[in-house]
Amino acid sequence: MRVSSKDSVVSFQNVWKRYGEVIAASNLNLDVQSGEFLSFLGPSGCGKTTTLRMIAGFDQPSEGDVILKGKRVNGVPAFKRPVNMVFQHYALFPHLNVADNVAYGLKQRSPRPPSKEIESRVSESLELVQLAGYQNRRIWEMSGGQQQRVALARALINKPEVLLLDEPLAALDRKLRREMQIELQNLQRNVGITFILVTHDQEEALSMSDRVCIMREGEIIQVGSPRELYDNPLNRYIADFIGKSNFFDGVVQKSSANDLEIRLNNGAQIVAANSRQHNTYASAAPVTISIRPEQLMLSRRVSQLPDEKAIVINAAVRNRIFLGEHTEYLLYNEQFGEFLALSPRQNEIGEPPFEVNEDIHISWNQEATLVLNHD
Amino acid sequence: MRLYAIAIYLFLYSPIAIIVLFSFNAGRHASDFTGLSVKWYGKVLSNPFAMEALTTSLTVALASAIFASVFGTMAALGLQKVKGRVRVVYDAAIYVAIMIPGIVIGIATLIALVTAFKFLNPALQEFWPSWLGNVPKLNMGYTSLIGAHTMFTMALVIVIVRSRAAGMDRALIEASADLYATPWGTFWQITFPQIFPAILAGFLLSFTFSFDDFIIAFFVAGTETTLPIYVFSSIRRGVTPEINAIGTMVLLTSLALLVAAQFLLRYRDRQSSKINS
Ligand SMILES: Nc1ncnc2c1ncn2[C@@H]1O[C@H](COP(=O)(O)OP(=O)(O)OP(=O)(O)O)[C@@H](O)[C@H]1O
Ligand SMILES: [Mg+2]
């Protein structure tokens, strides 16, 4: 049996969850560190909610162990676990007012805290979510964003070891969602409670979390900081999921200590730096190379391109989108097909922006080429 | 088309309107309306037989409505956990119980109780411990009335409470458990307040049904007289304004209870739809 590190509040050890034929969670292994903000990210139906519910105690694993603060909690019902959840549709109690909703968890404690203490802690946590003075409102008198805050206050008042959030922002409109993302992040830093968030919005996961756990079809594929996932995705699926990229399929021809020689299916021959790669590849392994749009350098003349180890090809500008800080270009090369490139503004100083239909040069460094497994 | 509708409503409601009207008739005969008066109401209220029948009816209605609400609610909540084929059987059984004609229930209950008493009474004779006093004899009367009405109206309560409970957000139960409430605590703090209006509505409907019921009561009442049975037996001696007065009072009470029940069922729906929107 694997021993989880001392700091981890939640840990999954070979956890499986089956619903009849459906495998909702397959062999999950994960340690969540105390005080971190972790997100589960993945497409619909990949088992994010199931995983969260096993921590909360609404579902029990079919196999394997869920450990909370060093204690195995398989079979321990939800009401005995020191975690709290913010539900997707908030699940506020409609027959209770805001104060009674927030106080609910405290009132279940035995011995029950004195009402003076309950009252002051309710106003404290309402202040925390910027709803001071809303104690006597009915739930249906609150807007969606306010209901969201009540749900947060109702969970945080209990000072749980872990706060679980199941797509808490999905029901809010775009602008409000952005505000709440920042607020949640600040809140997490202030209270120091471990947050575990479920989302299928990659931007949300990347912008808020310390670590992101990417799931697919019940499996955890990669766990890492947003930067790690972006710079070093384990496979094409993740590279595609996290940010945009240019992909080309090919086969490894020669693998040496420093270089990987790859022959792309379009006939081109390229070299990628081996130091950059996650995996080792043998000759004849089918791979995909990935080049991020911001790593492509664009220029009118070849001599302006910096590195001698760079790969250079010609391309025609197909489309140009001005994005403020950056300009996004869609380029076309006969052999490679389409390229997406992101050009920072300062690169264009002294050089007027490229025009549609203009013929230019694209180049990228060997270090920029990422070699990936197909899946 | 309008005329047609008016004719139908006239046909439906004019007998009732006439009863209400003649209950206020000062004269004795239906043939001549000699002016307004409430003297028949006074007469009914001072008639000991009518009052005794009323007491019986109220007792039976109250008791059977309480039993039906309690057991019906328990059954409804229990049934929520039942799934699949077994559930289908239970559901069908409940709807059948509602649709079976009263006369069938009356006869069936009568036969069942008579048969049961035939076995139970001798058994009681045998095994009744002497220190408990005289051996009781099970008979047709209050118990059979309450029993039969409870059985029938329980099905109503089950249907009403279950639809309310099914409409309740399951996440509320989970949220309560998540906030450390025991299952028992969750029931009293969350489930019960949510379904209470439905239970109350079921109670009122059961009460109304039992109070108005003639057919089932007629079979199982034994020596007891409920208000509808009293009315029926008085009518054989001719329709008097007194009967009209009873009819009017029963009508108004029933209507009031039905409206209250309907209001309770609507009220909750409005509240929860407000939250979802
Ligand atoms: N109670 C259940 N009974 C049967 N199958 C279930 C149950 N709960 C979940 N599943 C199945 O398990 C799989 C994972 O479901 P889960 O709800 O965890 O997905 P998710 O990642 O949260 O998706 P979404 O983003 O749509 O919420 C799905 O295929 C789902 O159909
Ligand atoms: Mg989900």
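Helix α5 of chain B covers residues 102–127, and its length can be checked by simple arithmetic. At 1.5 Å a residue, these 26 residues should span 38 Å, and the C-alpha atoms at the two ends are 36 Å apart, so the expected and modelled spans agree. The model is predicted. The points below cover this helix, the rest of chain B, a cavity in chain B and one residue of chain A.

**Helix α5 of chain B**
- α5(B) has a kink of about 25°, and the kink is centred on F117(B).
- F117(B) is also one of the buried residues of this helix.
- The others in that buried group are I105(B), G106(B), T109(B) and N121(B).
- In an α-helix there are 3.6 residues to a turn, so residues three or four places apart point the same way.
- Among the elements that cover the buried residues of α5(B) are three helices of chain B: α4 (84–99), α6 (142–167) and α9 (215–220).

**Chain B as a whole**
- Chain B contains eleven helices and zero strands.
- Read from the N terminus, its elements therefore run α-α-α-α-α-α-α-α-α-α-α, where a helix is a DSSP run of at least four residues.
- The C-alpha trace of chain B spans about 70 × 65 × 35 Å along its principal axes.
- Chain B has 277 residues, of which 39% count as buried.
- Among contacts in chain B with a separation of 6 or more, 70% are between residues 24 or more positions apart.

**Cavities**
- Rolling a probe the size of a water molecule over the atoms shows where empty space is left.
- The count comes to two cavities of 30 Å³ or more.
- The second largest cavity has a volume of about 30 Å³.
- Its lining consists of S57(B), V60(B), H149(B), S210(B), F211(B), D213(B), T226(B) and P228(B).
- Two helices of chain B, α3 (48–81) and α8 (183–212), each supply at least two residues of this lining.
- By type, the lining of the second largest cavity has three nonpolar residues, four polar and one charged.

**I182 of chain A**
- I182(A) lies in helix α5 of chain A, which covers residues 174–191.
- Is I182(A) buried or exposed? I182(A) is partly exposed, because its relative accessible area of 40% falls between the cut-offs of 20% for buried and 50% for exposed.
- I182(A) and Q130(A) are 52 residues apart in sequence, and their C-alpha atoms are 14 Å apart in space.

Methods. Residues numbered from 1 in each chain as written. Chains lettered and ligands numbered in written order. Predicted model: local features only at pLDDT ≥ 70, side-chain atom pairs only at ≥ 80, totals over all residues. Heavy atoms only, no water. 1 Å grid on protein atoms, 1.4 Å probe; cavity = no way out; pocket = protein on both sides within 12 Å on 5 of 7 lines; lining within 4 Å. Points joined across faces, edges and corners; volume = space filled by probe spheres on them. Nonpolar A, V, L, I, M, F, W, Y, C, P; charged D, E, K, R; others polar. Buried < 20%, exposed > 50% of the residue type's maximum accessible area, 1.4 Å probe, protein only. Expected span 1.5 Å × (residues − 1). Bend = angle between axes of the 7 residues up to and from the residue. Contact = heavy atoms within 4.5 Å.
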